[in-house]
Amino acid sequence: MPQKPLPLIISLKRWREQNGFSQSDAVRVLTNTGIPVTLDSLQNWESGRRSPRAELALALADFLRQDPTIPKKSSRQPRAH
């Protein structure tokens, strides 16, 4: 049965939304910074179905403590002329 997400996950979701990231975008950013996260994991954490393992929770907390603002890359490619 889903429970209320951990405060850490609430902060992660707030970070994701403030940066305008979809869950997939957030997974890409986290993975690129060395935090191995899958889309399934992020969805389970945000819904309260699961919580991150301790070492991953520590890495996420460190990441969020830096209050990272990351520019979202455009998914549109420029047109060739």
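Let me start at arginine 49: leaving out residues up to four places away in sequence, arginine 49 touches Pro2, Gln43 and Asn44. Before going further, I should say that what you have in front of you is a predicted model.

Arginine 49 sits in the loop between helix 3 and helix 4. Its side chain has two polar contacts to mention. One, at 2.8 Å, joins the side chains of arginine 49 and asparagine 44. Another, at 3.3 Å, runs from the side chain of arginine 49 to the side chain of serine 47. Arginine 49 also comes back to the start of the chain: its C-alpha is 6.8 Å from the C-alpha of methionine 1, although 48 residues separate the two in sequence. The residue before it in the numbering is worth a look as well. Glycine 48 follows helix 3 and has a positive phi, near 85°.

Now the chain as a whole. How many helices and how many strands are there in the chain? There are 4 helices and 0 strands, so if you read along the sequence, the pattern is α-α-α-α. The chain has 81 residues, and buried ones make up 33% of them. About 6000 Å² is exposed, and carbon and sulfur atoms supply 51% of that area. As for contacts, take those between residues at least 6 apart in sequence: 58% of them join residues at least 24 apart.

Next, helix 1 and helix 2. Helix 1 covers residues 7-18 and helix 2 covers residues 23-32. Their axes come within 10 Å and cross at roughly 105°. Why call that roughly perpendicular? Because the angle falls in the range from 65 to 115 degrees, helix 1 counts as roughly perpendicular to helix 2. On the helix 1 side, the contact is made by Leu12, Trp15 and Arg16. On the helix 2 side, it is made by Gln23, Ala26, Val29 and Leu30. By type, these residues divide into 5 nonpolar, 1 polar and 1 charged. As a reminder on spacing, an α-helix has 3.6 residues a turn, so residues three or four places apart point the same way.

Let me stay with one residue of that contact, leucine 30 in helix 2. Is leucine 30 buried or exposed? Its relative accessibility is 0%, so leucine 30 counts as buried. Setting aside neighbours within four places in sequence, leucine 30 is in contact with Leu12, Ile35, Val37, Leu60 and Phe63. Phenylalanine 63 is 33 residues away from leucine 30 along the chain, and their C-alpha atoms are separated by 8.6 Å.

On to helix 3, residues 39-47. Which residues of helix 3 are buried? They are Leu42, Asn44, Trp45 and Glu46. What covers them includes helix 1, helix 2 and helix 4, the last of these being residues 54-65. You have already met Asn44, as a side-chain partner of arginine 49.

Glutamate 46 is the one in that list I would like to go through. Relative accessibility for glutamate 46 is 11%, and the cut-off for buried is under 20%, so this glutamate counts as buried. Which side chain does glutamate 46 meet in a polar contact? The partner is arginine 16, at 2.9 Å. Arginine 16 also takes part in the contact between helix 1 and helix 2. Without counting neighbours within four places in sequence, the residues in contact with glutamate 46 are Pro5, Ile9, Lys13, Arg16 and Gln23. Gln23 likewise belongs to the contact of helix 1 with helix 2.

Last, the segment after helix 4, where proline 68 is found. Proline 68 has 13% relative accessibility and therefore counts as buried. Beyond neighbours within four places in sequence, proline 68 is in contact with Trp15, Asn19 and Phe63. Of these, Phe63 is also a contact of leucine 30, and Trp15 is part of the helix 1 side of the contact with helix 2. Asparagine 19 lies in the loop between helix 1 and helix 2. At 15% relative accessibility, asparagine 19 is buried too. Asparagine 19 and proline 68 are 49 residues apart along the chain, with 9.1 Å between their C-alpha atoms.

How values were computed: Residues are numbered from 1 along each chain as its sequence is written. This is a predicted model: local features need pLDDT of at least 70, side-chain atom pairs count only at pLDDT 80 or more; totals for chains, interfaces and linings use all residues. Side-chain values use heavy atoms; hydrogens and water are left out. Helices (H or I, at least four residues) and strands (E, at least two) are DSSP runs, numbered from the N terminus. Buried means under 20% relative accessible area, exposed over 50%, partly exposed in between (1.4 Å probe, protein chains only). A polar contact is a pair of N or O atoms within 3.5 Å; within protein, one must be able to donate a hydrogen and the other to accept it, and residues adjacent in sequence count only if both atoms are side-chain atoms. Contact means heavy atoms within 4.5 Å. Axes are lines fitted to C-alpha atoms, for helices over the stretch in contact, and angles run from 0 to 180 degrees between N-to-C directions. Angles under 35 degrees count as roughly parallel, over 145 as roughly antiparallel, 65 to 115 as roughly perpendicular and the rest as oblique. Ala, Val, Leu, Ile, Met, Phe, Trp, Tyr, Cys and Pro count as nonpolar, Asp, Glu, Lys and Arg as charged, and the others, Gly among them, as polar. Accessible areas come from the Shrake-Rupley method with a 1.4 Å probe; for residues, only the protein chains shown count as cover.
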